[in-house]
Structures are given as C-alpha cells and as structure tokens.
Amino acid sequence: MDEKKEKIGIQKHIRITDSDISEQIERVMEHPDYKSFSKVVNDALFYGLPILCEKLFGEVTLSEEQAPPSQRQTAESLDEKSFNVLARLLKEVVLNVTINKSILSSLFNNTERMNKAFGLGKDLNELYEKGLMSDTPDYLYEYELEGLKKMRR
C-alpha cells in the first residue's frame, strides 16, 4: 500500500506523435474544467486505460465502481436480446398502424355510404372521396406539434 502511495505524483514525460490527438488535447484544455495538461492526461488515462487493459489482457484493471463505462462496454450492452426486443416493438407499432388504417378506411367508406343513404348531396360525397375534407382539426394539429417537439428534445 505504501509503495502505491509513493508512485502517485511521479513525473513522466510523454511525446505525442499524432496531430489529431494533440488537437483533441488542446480542445479539451479550452474547457473551463481543464486548465492543466496533467489533468487532461490523467482523465484520459482514467477513461482509456481500462479499455486498453481489457483489449490487451482481457480484463479491466479498475473495479466497475471506479471505472466509467467505456464506449465498447456501452455497445456490448445492446446485445442480440435487446435488438430482438426492439424489432418486436417496431413490428407491434407497424401492426397497430395497419389496424388503425384499416379502421379509418372502414369508417371512411361507411360515412360515404351513409351520406348517399341519407341523400346528403353529391357535392359532399365528392369532397369526401377526393380527400378535400381531410384537414386535421385544430386541437389535433396542436397536440401533434407538441408531441413532435417533445420527441425532439
């Protein structure tokens, strides 16, 4: 334990040979939380070193509580089971849309027949058949806009 404490604070010098990495470091240093190069490198090691150890040795050297989730771990968490659930839910949505379309078509055709049966005029049926009465009611239009705005947030 004492040996570990002695190693903390040891100065090491590094040479950065990749210009992209150098640009990324400069960009991070512009952030208000990162005024020192050492803090940038220490945080980069904290986030990236577990990924490197996992790649080289097949295991993460830091405990799960200490190590933030890596991009690789996040991608692996979406396994085949998750994709199957997503596919099933999408199929369910398509099925519901198809059912709604069928019901609406039936209502449309029934309304057209009722108009003819009650003699409500040829003009009304022509408007109906051409889709000229398909404007969304104002309350539904506003509801739809609000729903779309919430989804985009």
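The following conversation goes through a predicted model of one protein chain.

Trainee: How many helices and how many strands does the chain have?

Mentor: Reading from the N terminus on, the elements of the chain run α-α-α-α-α-α-α. The tally for the chain is therefore 7 helices and 0 strands.

Trainee: Which element has the lowest mean pLDDT, and which has the highest?

Mentor: The chain averages a pLDDT of 75, and 80% of the residues score at least 70. Over residues 67–74 the pLDDT is below 50, although this stretch has 11 contacts in the model beyond near neighbours in sequence. Where pLDDT is low, the predicted coordinates should not be read in detail. Among the elements, the lowest mean, 49, belongs to helix H4 (residues 71–77), and the highest, 85, belongs to helix H5 (residues 80–117).

Trainee: What share of the residues in the chain is buried, and what share of the contacts with a separation of 6 or more comes from residues 24 or more positions apart?

Mentor: The chain exposes about 14,200 Å², and carbon and sulfur atoms supply 57% of that area. Of the 153 residues in the chain, buried ones make up 8%. Among contacts with a separation of 6 or more, the share from residues 24 or more positions apart is 2%.

Trainee: Is asparagine 115 buried or exposed, and which residues is it in contact with once its neighbours within four places in sequence are left aside?

Mentor: Asparagine 115 lies in helix H5. Its relative accessible area is 9%, and because buried means under 20%, asparagine 115 counts as buried. Leaving aside the neighbours within four places in sequence, the residues in contact with asparagine 115 are Leu120, Leu124 and Asn125.

Trainee: Which residues make the nonpolar surface patch of about 500 Å²?

Mentor: One of the residues in this patch is leucine 52, which lies in helix H3 (residues 37–57). At 41% relative accessibility, leucine 52 counts as partly exposed, and a patch residue needs over 30%, so leucine 52 passes that cut-off. The patch is made by Leu45, Leu49, Leu52, Leu56 and Phe57.

Trainee: Which residue forms a salt bridge with aspartate 43, and how far apart are the closest N and O atoms?

Mentor: Side chains of opposite charge can pair when their charged atoms come close. Aspartate 43 and its partner are 4 residues apart in helix H3, so that about one helical turn separates them. The partner is partly exposed, with a relative accessible area of 37%. The residue in question is lysine 39, and the closest N and O atoms are 3.6 Å apart.

Trainee: Where do arginine 88 and glutamate 92 lie, and what is the N to O distance in their salt bridge?

Mentor: Arginine 88 is partly exposed at 49% relative accessibility, and glutamate 92 is partly exposed as well, with a relative accessible area of 41%. Both residues lie in helix H5, 4 residues apart, which is about one turn of the helix. Their side chains meet in a salt bridge with an N to O distance of 4.0 Å.

Trainee: How many salt bridges does the structure hold, and which residue is the partner of lysine 149?

Mentor: The structure holds 3 salt bridges. Lysine 149 and its partner both lie in helix H7 (residues 138–152), 3 residues apart, or about one turn of the helix. Lysine 149 counts as partly exposed at 45% relative accessibility, and its partner counts as partly exposed at 36%. With the closest N and O atoms 4.0 Å apart, the partner of lysine 149 is glutamate 146.

Note on methods. Residues numbered from 1 in each chain as written. Heavy atoms only, no water. Helix = DSSP H or I, 4+ residues; strand = E, 2+ residues; numbered from the N terminus. Buried < 20%, exposed > 50% of the residue type's maximum accessible area, 1.4 Å probe, protein only. Contact = heavy atoms within 4.5 Å. Areas by Shrake-Rupley, 256 points an atom, 1.4 Å probe, with all protein chains shown as cover. pLDDT = per-residue confidence, 0-100. Patch = residues over 30% accessible without salt bridge, like charges linked within 9 Å, V, L, I, M, F, W, Y side chains within 5 Å.
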